[in-house]
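This report walks through one structure for a reader who has not met it before. Please keep the sequence and the structure in view while reading.

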Amino acid sequence: MDNTLIHQMLIGSLLAYKNEAEIIKNTQKSSQDQFIVLSKDELIKVENDFKTDATMPYIAKEYTRYGFSLEAAYYDVESGASGLALKYKNSIFIMYSGTNREDRAPIDWESINIIEADSQTLASIIFDNKDVLNDIYYMALQGRNIQVPSAMKFFDDVKSNNNDSNIYLGGHSLGGGLALTVGIRRYYEIEGVITFNPAAIGNKDIEVNDLIEAETIVHALDHNEKFNIYKTQMDFLTSAPILKISDLNMFYPIDPRKFLVIGNGPHSSVKQEAFIRDFKRKHIDNEESVPFWKWMMNPELSNAGDMIITRMKEALKAEIKPSLKDKQ
């Protein structure tokens, strides 16, 4: 993978976080709007903020230097999902944002009966944050990412307006998990997926009724060369949890031993300007190759990702074959 492309995607993943903050702060929408898409004027305002942000001078400079343009952006009010589409030459980078701790979920206390409340309502009260609720209650406990439907919708909308462009998907953490999921379900329509310390994919997020989409998923799992996962050595998400990830009904589309290390920092370091600037200095200006990190763990446990992928592929194929027979 070209290091310049990785650098561009790192910039995009950081801007996805900033974009979400800008949308929450600046867009004036009614509470009836669940899927917010920025207007042209709003896109221009956010893009100008990217170019002039005094808190991120390096990113502002690089954004201008590359000649990026902000093509589209969205925010899903209900689930807290958001993302943006950056155009660079003939490529479109669709970047999904990760967990935003400031995205609070308002609670209507007058309508809640704590004694009779169901588990979902209680979880909403406990976590008080849309992304964290999704991370723990839905993804970790149920193997389902409730931000996937709006992420899919955003991809389809951007793709329909950019049919002649090469489309790359990316993101950090939760956003990386969304990029991997959309990439599996739209494998034929993308050029590649580049993620940083990504969350895993929920099993239930690739359970589909559409025959063509199911066949695409099977192909993506069999031919996963478009997926690129980069991690930092101290990242908790792509390290320890993988030991028991099959118990969480989640998986990565490639063997964790093939993850590439791009730095020594912790999970959140990837979304910091200093990290991105340092990556360019080490791997582009000095033309160092991205080092490969040998997976140091019990080989039996490290195959958990492969085992669950194999099991899921067989289950999907078992469902597809009868459907194909019916159509003959």
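## Overall make-up

The protein chain has eleven helices and ten strands, and the model that shows them is a predicted one. Of the 328 residues of the protein chain, 54% count as buried. Among the contacts in the protein chain with a separation of 6 or more, 75% are accounted for by residues that lie 24 or more positions apart.

## Helices α2 and α3

Helix α2 covers residues 40-52 and helix α3 covers residues 57-66, and the axes of these two helices come within 6 Å and cross at roughly 115°. On the α2 side, Glu47, Phe50, Lys51 and Thr52 take part in the meeting, while Ala60, Tyr63 and Thr64 take part on the α3 side. Sorted by class, this contact of α2 with α3 has three nonpolar, two polar and two charged residues.

Helix α2 also holds Ile44, a residue that is partly exposed, with a relative accessible area of 39%. Ile44 and Leu70 stand 26 residues apart in sequence, yet from C-alpha to C-alpha they are 7.7 Å apart in space.

## Helices α3 and α9

Helix α3 has a further partner in helix α9 (residues 273-285), and the axes of α3 and α9 come within 9 Å and cross at roughly 55°. An angle of that size makes α3 oblique to α9. In α3, the residues Pro57, Tyr58, Ile59, Glu62 and Arg65 meet Glu273, Ile276, Arg277 and Lys280 in α9. By class, the contact of α3 with α9 has four nonpolar, no polar and five charged residues.

## Helices α6 and α7

How do the axes of α6 and α7 cross, and at roughly what angle? Helix α6 spans residues 148-161 and helix α7 spans residues 174-185; their axes come within 10 Å and cross at roughly 60°. That angle makes α6 oblique to α7, and the crossing of the two helices is right-handed.

The contact is made by Val148, Ala151, Met152 and Phe155 of α6, together with Leu178, Thr181, Val182 and Arg185 of α7. When these residues are sorted by class, the contact of α6 with α7 has six nonpolar, one polar and one charged residues.

## Two residues with positive phi

Most residues other than glycine have a negative phi. Against that background, Ser173 deserves a look, since this residue has a positive phi of about 60° although it is not a glycine. Ser173 is found in the loop between β5 (166-172) and α7, and it counts as buried because its relative accessibility is 8%.

Asn197 also has a positive phi, near 45°, and is likewise a residue other than glycine. The loop between β6 (192-196) and β7 (201-202) is where Asn197 lies. Is Asn197 buried or exposed? At 0% relative accessibility, Asn197 counts as buried.

## Gly192 and its surroundings

Gly192 has its place in strand β6, and with a relative accessibility of 4% this glycine counts as buried. Leaving aside residues up to four places away in sequence, Gly192 touches Ile167, Tyr168, Leu169 and Lys226. Gly192 and Gly170 are 22 residues apart in sequence, and their C-alpha atoms are 8.7 Å apart in space.

## Aromatic residues

The structure holds twelve aromatic pairs. One of them is formed by Tyr252 and Phe259, whose rings are arranged edge-to-face, with 5.2 Å from centre to centre and 80° between the planes. Tyr252 counts as buried at 1% relative accessibility, and Phe259 counts as buried at 0%.

Which residues form one aromatic cluster? The cluster consists of Phe50, Tyr63, Tyr66, Phe68, Tyr88, Phe93 and Tyr168. Several of these names have come up earlier in the report: Phe50 and Tyr63 belong to the meeting of α2 with α3, and Tyr168 is among the residues that Gly192 touches.

Conventions. Residues numbered from 1 in each chain as written. Predicted model: local features only at pLDDT ≥ 70, side-chain atom pairs only at ≥ 80, totals over all residues. Heavy atoms only, no water. Axes fitted to C-alpha atoms, helices over the stretch in contact; angles between N-to-C directions. Helix = DSSP H or I, 4+ residues; strand = E, 2+ residues; numbered from the N terminus. Parallel < 35°, antiparallel > 145°, perpendicular 65-115°, else oblique. Left-handed = near helix turned anticlockwise from the far one by under 90°. Contact = heavy atoms within 4.5 Å. Nonpolar A, V, L, I, M, F, W, Y, C, P; charged D, E, K, R; others polar. Buried < 20%, exposed > 50% of the residue type's maximum accessible area, 1.4 Å probe, protein only. Phe/Tyr/Trp six-rings, centres within 6.5 Å; stacked < 30°, edge-to-face > 60°.
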